[in-house]
Amino acid sequence: MIARDLMNSDFPYVTADADLDYVAKLLAECGLGAVPVVDDDLAPIGIVTRSNLEQARPQPLPDLGAIPGFLLRNRPKPVFHANGRALREVMTSPAISISDVAKVPDIARIMESHSLKRIPVVEGHKIIGLVLRKEVMEAMAGGFTAMALEAHRRRPLISLPQQTGDRCAVATAQEFRELVAAHERQLDLERVERRRAAIELREQRIRELASQRLTDPQWREMLEQARRSAAAGLTEHVLIRFPSQLCADGGRAINAPDPNWPATLRGEPADVFHRWRNELHPRGFRIAAQIVDFPEGLPGDAALFLMWNAARN
């Protein structure tokens, strides 16, 4: 039996720029007890375990003394907060990994010599799975049962309305000229009214979006729509469209483009970017921001695009 036979192929992993609070959430939700950290080529460069987070957790002040054991018994641990610390400060690095064709006795020897409870499995340099010590022990004893971990998907939904209108009449040449003039005046009034309504709607959307947070059901729906786009032969999908004024700089960094444009995002767009960085970036997806319309020559709406076509060199 080799590592590929034992490994869990459904496991979370992140890149080194992932938020530490997000990694702590992954550890709390998954049953593997570890989250590998990979580079852009999916090669493992570190690993984060619950022990890493416990060591990084702020310790009680010395003058408070030790907390009696009976007070801590059956008490849930407080939620971990990164407090500005980076993932690289907490993770164990470099990562020790094994080949997908490593034999069980060799895996057991490596895990024993390095006191490991889990170890990443690589094919070439790319991570493809995670092996747990208890599974290696079961395999050594001849009683191993393959385990499968359930994967989670997320998605979100954004739609915009449209409206139109038109009219006309009849008589002599002079009356026709008056009708033309009346029509032009009406068009001017409608343009003014549309501009006023658009400004009002945009300001309302900006206020709402600035305070709105992305929900898990929205994220799942967003990814499902992206999947449909891929099934239709497309190589990119608009994750979210939003007024450029929602950006802290009114969309100037996106329009430039400035590589620091993610720092200008607020509200739901900022949440979408962080979900991409934490969950989709490690899986080969790219993201881009673009101003998608210029009403009266000024930046209007911006959009975040999820892309899965092969990157150009």
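Where does proline 257 lie in this predicted model?

**View 1. A cis peptide bond in the loop between α10 and α11.** Proline 257 is found in the loop that runs between α10 (252–255) and α11 (267–280), and the peptide bond joining alanine 256 to this proline is cis, with an omega of about -10°.

**View 2. A cis peptide bond in the loop between α5 and β4.** Serine 93 and proline 94 are likewise joined by a cis peptide bond, for which omega is about 0°, and proline 94 belongs to the loop between α5 (87–90) and β4.

**View 3. The crossing of helices α6 and α7.** The axes of α6 (residues 104–113) and α7 (residues 133–140) come within 10 Å and cross at roughly 135°, which makes α6 oblique to α7. The crossing is left-handed, and its contact is made by Val104, Pro105, Ile107, Ala108 and Met111 of α6 together with Arg133, Val136, Met137, Ala139 and Met140 of α7. Of these contact residues, nine are nonpolar, none is polar and one is charged.

**View 4. The open sheet β4-β5-β6.** Three strands form this sheet, with mixed pairing; β4 (98–99) and β6 (126–132) stand at the edges, each with a single partner strand, so one side of each has no neighbour in the sheet. Strand β5 (residues 118–123) runs antiparallel to β6 and is joined to it by six bridges, and isoleucine 119 has valine 131 of β6 as its bridge partner.

**View 5. Positive phi at leucine 42 and serine 115.** Leucine 42, in the loop between β2 (34–38) and β3 (44–49), has a phi of about 65° although it is not a glycine, and is buried at a relative accessible area of 14%. Serine 115, also not a glycine, has a phi of about 55°; this serine lies in the loop between α6 and β5 and is exposed, with 62% relative accessibility.

Note on methods:
Residues are numbered from 1 along each chain as its sequence is written. This is a predicted model: local features need pLDDT of at least 70, side-chain atom pairs count only at pLDDT 80 or more; totals for chains, interfaces and linings use all residues. Side-chain values use heavy atoms; hydrogens and water are left out. Axes are lines fitted to C-alpha atoms, for helices over the stretch in contact, and angles run from 0 to 180 degrees between N-to-C directions. Helices (H or I, at least four residues) and strands (E, at least two) are DSSP runs, numbered from the N terminus. Angles under 35 degrees count as roughly parallel, over 145 as roughly antiparallel, 65 to 115 as roughly perpendicular and the rest as oblique. A crossing is left-handed if the near helix is turned anticlockwise from the far one by less than a right angle, and right-handed if clockwise. Contact means heavy atoms within 4.5 Å. Ala, Val, Leu, Ile, Met, Phe, Trp, Tyr, Cys and Pro count as nonpolar, Asp, Glu, Lys and Arg as charged, and the others, Gly among them, as polar. Two strands pair if DSSP finds at least two bridges between them. Buried means under 20% relative accessible area, exposed over 50%, partly exposed in between (1.4 Å probe, protein chains only).
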